[in-house]
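Here are a few exercises to work through with the model open beside you. Try each task before reading its solution.

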Amino acid sequence: AAENQQQLRTMEGKIEVKRQQIEFLTAEGTKLREQLLQRDRTICKYSNDLHNLVSQKKSEHLWAQDIRRLFHTHSCGIGRPPEERLPLDELQLQARDAERGIAVLRAHNDQVQSMRKADTQRKSGENA
């Protein structure tokens, strides 16, 4: 009887481990299916945008701008809602925003320095 109790507990433990594995694999399968659906939606959006580009009967030398827009939209994440962006897309957007901010600050700094230089020259001219 004691031996049967021990076997029963061992089997119950194995069943619980299997149940946990089933739950984990089910959750992982659901997550992977959602990722596949998201990727399918992305491919469908890209295909539609590309089809629209080709079917608009634009002159082919005007395609470059639209192809760049497609690249930025679908590869860089521009124009996508934040929840659809990949972490790398988000980092690229943040880096691009930071670069723009630096460029604006640099231009403003150059302008201020030019104004100071002109003001200094004007003052030295008045004192002479």
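The exercises below concern a predicted model, and each task is followed by a worked solution.

**Exercise 1. Describe the overall make-up of the protein.**

Solution. Start with the secondary structure: the protein has 3 helices and 0 strands. Read from the N terminus, the elements run α-α-α. Next, look at burial: of the 128 residues, 8% are buried. Then turn to the contacts between residues at least 6 apart in sequence, of which 17% join residues at least 24 apart. Finally, consider the surface: about 11000 Å² is exposed, with carbon and sulfur atoms supplying 58% of it.

**Exercise 2. Work out how α1 and α2 are oriented relative to each other, and find the residues that make the contact.**

Solution. Two packed helices are described by the angle between their axes and the distance between the axes. For α1 and helix α2 (residues 63–74), the angle is about 170 degrees and the axes lie 11 Å apart. Angles over 145 degrees count as roughly antiparallel, so α1 is roughly antiparallel to α2. On the α1 side, the contact is made by Lys45, Tyr46, Asp49, Leu50, Leu53 and Val54. On the α2 side, the contributors are Trp63, Asp66, Ile67, Leu70 and His74. As one pair to check, Leu50 and Ile67 are 17 residues apart in sequence, with their C-alpha atoms 8.3 Å apart.

**Exercise 3. Explain how Tyr46 and Leu50 can belong to a nonpolar surface patch.**

Solution. First locate the residues: Tyr46 lies in helix α1 (residues 2–55), and Leu50 is found in helix α1 too. A patch residue needs over 30% relative accessible area. Tyr46 has 36% and is partly exposed; Leu50 has 33% and is partly exposed as well. Together with Val54, Tyr46 and Leu50 make a nonpolar patch of about 240 Å².

**Exercise 4. Trace the salt bridges around Asp119, and then examine the pair Glu16 and Arg19.**

Solution. The count comes to 6 salt bridges. Asp119 meets Arg122 at 2.3 Å, N to O, and Asp119 also bridges to Lys123, with the closest N and O atoms 3.6 Å apart. Now check the spacing in helix α3 (residues 87–127): Asp119 and Arg122 are 3 residues apart, so about one helical turn separates them. Asp119 and Lys123 are 4 residues apart, again about one turn of the helix. Add Glu126, and you have the network that links Asp119, Arg122, Lys123 and Glu126.

In helix α1, Glu16 and Arg19 are 3 residues apart, about one helical turn. Their side chains meet in a salt bridge at 3.0 Å, N to O. Glu16 is partly exposed at 35% relative accessibility, and Arg19 is partly exposed at 44%.

How values were computed:
Residues are numbered from 1 along each chain as its sequence is written. This is a predicted model: local features need pLDDT of at least 70, side-chain atom pairs count only at pLDDT 80 or more; totals for chains, interfaces and linings use all residues. Side-chain values use heavy atoms; hydrogens and water are left out. Patches are made of residues with over 30% relative accessible area and no salt bridge: like charges are joined within 9 Å, nonpolar side chains (Val, Leu, Ile, Met, Phe, Trp, Tyr) within 5 Å. Accessible areas come from the Shrake-Rupley method with a 1.4 Å probe; for residues, only the protein chains shown count as cover. A salt bridge is a side-chain nitrogen of Lys or Arg within 4 Å of a carboxyl oxygen of Asp or Glu. Helices (H or I, at least four residues) and strands (E, at least two) are DSSP runs, numbered from the N terminus. Buried means under 20% relative accessible area, exposed over 50%, partly exposed in between (1.4 Å probe, protein chains only). Contact means heavy atoms within 4.5 Å. Axes are lines fitted to C-alpha atoms, for helices over the stretch in contact, and angles run from 0 to 180 degrees between N-to-C directions. Angles under 35 degrees count as roughly parallel, over 145 as roughly antiparallel, 65 to 115 as roughly perpendicular and the rest as oblique.
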